[in-house]
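Work through the following exercises with the sequence and the model at hand, and try each task before reading its solution.

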Amino acid sequence: MPRLIIMLTLLLATSANVFANDSAFGDINGSIQLLKQNDISMAKERLLIGTDRINVDYVFINHSTQDITVPVSFPMPRVVLFEPSDHSAGILNFKLSVDGKPVATESRWVVTLIDEKGNIKEDITEKVTQAGWSVEDLIKVFNTDSPVDSLPEELPPLPAQWVKDGMPQFTIQQHFVWQQRFPAQKEVVIHHSYTPSLSGGVPTTLGWILGDGTKDNPGNECLTDASRKQVQQLNKHSQKGEEEGQISWQELQYVLTTGANWKDGVIGDFTLRIHKDAPQDVVVPCFKYPLTQIDDTTFEFHQKDFKPAQDLEMTFYSELSW
């Protein structure tokens with residue numbers, strides 16, 4: 001789940017003209033580099049996450065005595081595919097405003113080769129284009145049940161090291177980029193909203209959510225005592241006369257750690273709200289800080305001088321609609 005950050009290298013060599021100072025970018029190798037910014041602080045962030053919409057409000061302050069204009073990137077989570085499931089590569093309806101005025105952004109993509117544990121091995125964005133592929137072709141890979149085997153015949157074969165057992169061993173990541181001016185000693189208010197990318201699959205059951213302690217069925221490892229009881233209650237509503245009910249699920253990710261790339265590595269005043277669709281639904285966030293339930297559908301975390309040390313992952317469980 002995303003964060004505004006300084007971006008010093010864009011996807012392709014042809015995009016170098018976006019930048020005001022070419023000497024600051026280093027070698028362009030097909031990747032986006034995200035570096036720290038020591039003069040601009042993220043004074044405040046208010047983040048609202050729901051399955052249908054994400055809204056974020058920021059207040060930035062330029063503490064230097066000079067105006068600063070930099071390219072800024074808002075990165076989406078990496079889309080990883082090791083086994084077939086429902087994926088949504090890319091997000092919809094991204095809207096950005098600065099001090100209340102709409103600002104246009106450009107969507108760019110990075111492709112990275114990964115190992116079996118999901119660790120990045122190599123940026124292959126440029127190699128993808130050299131191989132005769134486009135990002136649009138790769139997005140099709142992530143939107144089919146048989147990604148590699150169902151590709152159009154006119155596409156060239158992928159390099160062998162990019163595929164294992166018919167499944168792609170690479171990720172794609174979307175970035176929204178724009179040029180941003182931060183006036184000296186002044187605040188800049190940035191707002192953006194969008195429909196999030198979600199992943200899901202066939203309905204699950206209580207047994208698979210709770211797990212049995214084995215490697216094959218570890219369950220949701222982010223469950224707390226409270227959310228475990230809530231899932232059990234949801235199962236009762238979902239049973240419909242069966243031993244176990246069918247439970248719908250959706251996973252959502254948000255890149256949070258890049259908030260530490262601003263001055264002092266902290267968010268001065270951070271508020272997170274997670275909203276579920278209905279009171280009986282259950283949300284299980286992988287977040288080490290406690291959230292307070294403020295109404296039937298909303299949970300909140302608030303902290304001053306917050307250092308984001310982990311990205312957000314969460315699963316929404318709901319009764320299956322027939």
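**Exercise 1.** Determine what volume the second largest pocket has, and which residues lie nearest its centre.

*Solution.* The second largest pocket has a volume of about 300 Å³. On a 1 Å grid over the protein atoms alone, a pocket is an open set of points with protein on both sides within 12 Å along at least five of seven lines, and lining residues have an atom within 4 Å of a point; the volume is the space filled by probe spheres set on the points, which are joined across faces, edges and corners, the probe being 1.4 Å. The lining consists of 13 residues, of which T224, S227, V283, P285 and L291 lie nearest the centre. Helix α4 contributes the largest share, 3 residues, and both α4 and β18 supply at least two residues each. By class, 10 lining residues are nonpolar, 3 are polar and none is charged (Ala, Val, Leu, Ile, Met, Phe, Trp, Tyr, Cys and Pro count as nonpolar, Asp, Glu, Lys and Arg as charged, the others, Gly among them, as polar).

The model is predicted, with local features requiring pLDDT of at least 70 and side-chain atom pairs pLDDT 80 or more, whereas totals for chains, interfaces and linings use all residues. Residues are numbered from 1 along each chain as its sequence is written, and side-chain values use heavy atoms, without hydrogens or water.

**Exercise 2.** Establish in which order the strands of the open sheet run, and where helix α4 packs.

*Solution.* The order is β15-β16-β21-β18, with antiparallel pairing (strands are DSSP runs of E, at least two residues, and helices of H or I, at least four, numbered from the N terminus; two strands pair if DSSP finds at least two bridges between them). β15 (199-200) and β18 (282-286) are the edge strands, each pairing on one side only. Strand β21 (residues 312-319) pairs with β18 over 5 bridges, where V282 stands opposite Y317 and C286 opposite E313. β21 also pairs with β16 over 8 bridges, and L252 stands opposite M314. Helix α4 (residues 225-238) packs on this sheet, touching β16, β18 and β21, and its direction makes about 30° with that of β21 (contact means heavy atoms within 4.5 Å; axes are lines fitted to C-alpha atoms, for helices over the stretch in contact, with angles from 0 to 180 degrees between N-to-C directions).

**Exercise 3.** Find which cysteines the disulfide joins, and explain what the pair ties together.

*Solution.* A search of the whole structure finds 1 disulfide (a pair of cysteine sulfur atoms within 2.5 Å), and this joins C222 to C286, S to S 1.8 Å. The link is right-handed, with 100° about the S-S bond. Because C222 lies in the loop between α3 (206-210) and α4, while C286 belongs to strand β18, the pair ties together parts 64 residues apart in sequence.
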